[in-house]
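Me: I am new to this structure and should like to go through it in questions and answers. Please show it first.

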Amino acid sequence: MNVTRNKKMIEEEIIADIKKLTTSLLENSSDQTEVEKIINQIHVHFQEITKITGYDVNIEYLAAVPTAKGKALGLNHAAQCLLDYKRTVQFLKAILQAIKEKQNAHPNELINIFYAGCGPYAPFITLVAYFFDPKEVRFSVLEVNKNSLESAKKLIRALRLTDYVDNFYLADAVTFEVPEPDTFDILISETLDAVLYRECYVPILFNLLPQLNNNITLIPENVLINLKLLPKTSTNQDYFEGDAGTILNVRKEVSSYTGDPDELSQLPEKVVDLKSMNIDHYKSILIETQVHIYNDIWLYRNESSLTLPIEVALEQPFLNSSVVFTYHLEPEIELKCRFQ
Ligand SMILES: C[S@@+](CC[C@H](N)C(=O)[O-])C[C@H]1O[C@@H](n2cnc3c(N)ncnc32)[C@H](O)[C@@H]1O
């Protein structure tokens, strides 16, 4: 048997296995042990094809890539996102649901998806496309990291999914002008980290959403940053977290902004009054991220690396009256807070 034929057979076996594993992943999506087992098996196939493990000690694979605002994850970290198990399975469920809803709303029409930030494994194509025909669903893929884009192309070719992809763009989604923006039905951009630190989800939305049509479905559809207060007591009976509301609602900020996104260096300050909150009862504030992926699919506190909270101790005795939050887009992307 010659080498090409052998390679073809191996690819066919891998494709059959990935189809089987993805179906099983969705059928078992609430069984965490099973989810981890299946995603690990998928990861083995992806590593085999791309030769990218997510743990390579190559400086090019480790370094984050600067963008117009914020940083794009290095290739290794982007690869490891696949192994953020609950995140991956919830996003897959959400994307399939969103495509089916678009199909119901527009029967027999092609559903076009713009995928900004595909990473080296492009899982939201490589684990989604098999459920559809290329006449039903097509993707345009954009990625700022050249090595990640090359790897995603290699994987898509090996899995024989090229018919599903109209365009591959090596570009920065923070400044990219989308060709034929009205043709897109769904925008996917999982370009975020806990407390929206450094990564580009916010400036990407400021750039892309106004270009796309009003009915676009965005995945994740929103991110909230909430403020909680943690009580001094540690006994279960008295353990009541204080709720100081939402500090940042990304979609609200994007839709209320009317200026030029290039000139946006920070979002409006949010002042939270602590005087009215019986502050002596609490030892710290907790800044938590909630990712609203789609419809009733959410990632809540500690369910993923994207929703790890940050705790800030309150000086005792606490003499301030409020805490002020500002989400900066320049010179670096980060949420800053100060007591006053
Ligand atoms: C968190 S990873 C997710 C990768 C993949 N979608 C997944 O779910 O496994 C985010 C990806 O978006 C890319 N990215 C981040 N900011 C970007 C930007 N401004 N323009 C284009 N790609 C970007 C990163 O390089 C990275 O590959």
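Me: Which residue places a backbone N or O atom 3.0 Å from a nitrogen atom of the ligand?
Reply: The model is a predicted one, in which local features need pLDDT of at least 70 and side-chain atom pairs pLDDT 80 or more, while totals for chains, interfaces and linings use all residues. Residues are numbered from 1 along each chain as its sequence is written, and side-chain values use heavy atoms, with hydrogens and water left out. The 3.0 Å pair fits the description of a polar contact (N or O atoms within 3.5 Å). Its protein atom belongs to the backbone of G117.

Me: How far is the polar side-chain atom of E143 from an oxygen atom of the ligand?
Reply: Side chains also reach the ligand: a polar atom of Y115 lies 2.8 Å from a ligand nitrogen. For E143, the partner is a ligand oxygen, at 2.5 Å.

Me: What share of the ligand's accessible area does the protein cover?
Reply: On its own, the ligand has 590 Å² of accessible area, computed by the Shrake-Rupley method with a 1.4 Å probe. Of this area, the protein covers 99%.

Me: Which elements give two or more residues to the shell around the ligand?
Reply: The ligand has 24 residues around it (a heavy atom within 4 Å), of which R87, Y115, E143, D172 and A173 come nearest. Elements are DSSP runs, with at least four residues for a helix and at least two for a strand. Those that give two or more residues to the shell are α6 (123–126) and β4 (137–143).

Me: Which residue forms a salt bridge with D166?
Reply: The whole structure has 17 salt bridges (a Lys or Arg side-chain nitrogen within 4 Å of an Asp or Glu carboxyl oxygen). The D166 pair joins strand β5 (residues 165–170) to strand β4, so it ties together parts 28 residues apart in sequence. With the closest N and O atoms 2.9 Å apart, the partner of D166 is R138.

Me: Where does P331 lie, given the cis peptide bond from E330?
Reply: The bond from Q316 to P317 is cis, with omega near -5°, and P317 is in the loop between β13 (310–313) and β14 (322–328). The bond from E330 to P331 is cis too, with omega near -5°. P331 lies in the loop between β14 and β15 (334–339).

Me: What is the phi of A122?
Reply: Most residues other than glycine have a negative phi. A122 is in the loop between β3 (111–116) and α6. Although A122 is not a glycine, its phi is positive, at about 35°.

Conventions:
Polar contact = N/O pair within 3.5 Å; in protein donor to acceptor, adjacent residues only side chain to side chain.
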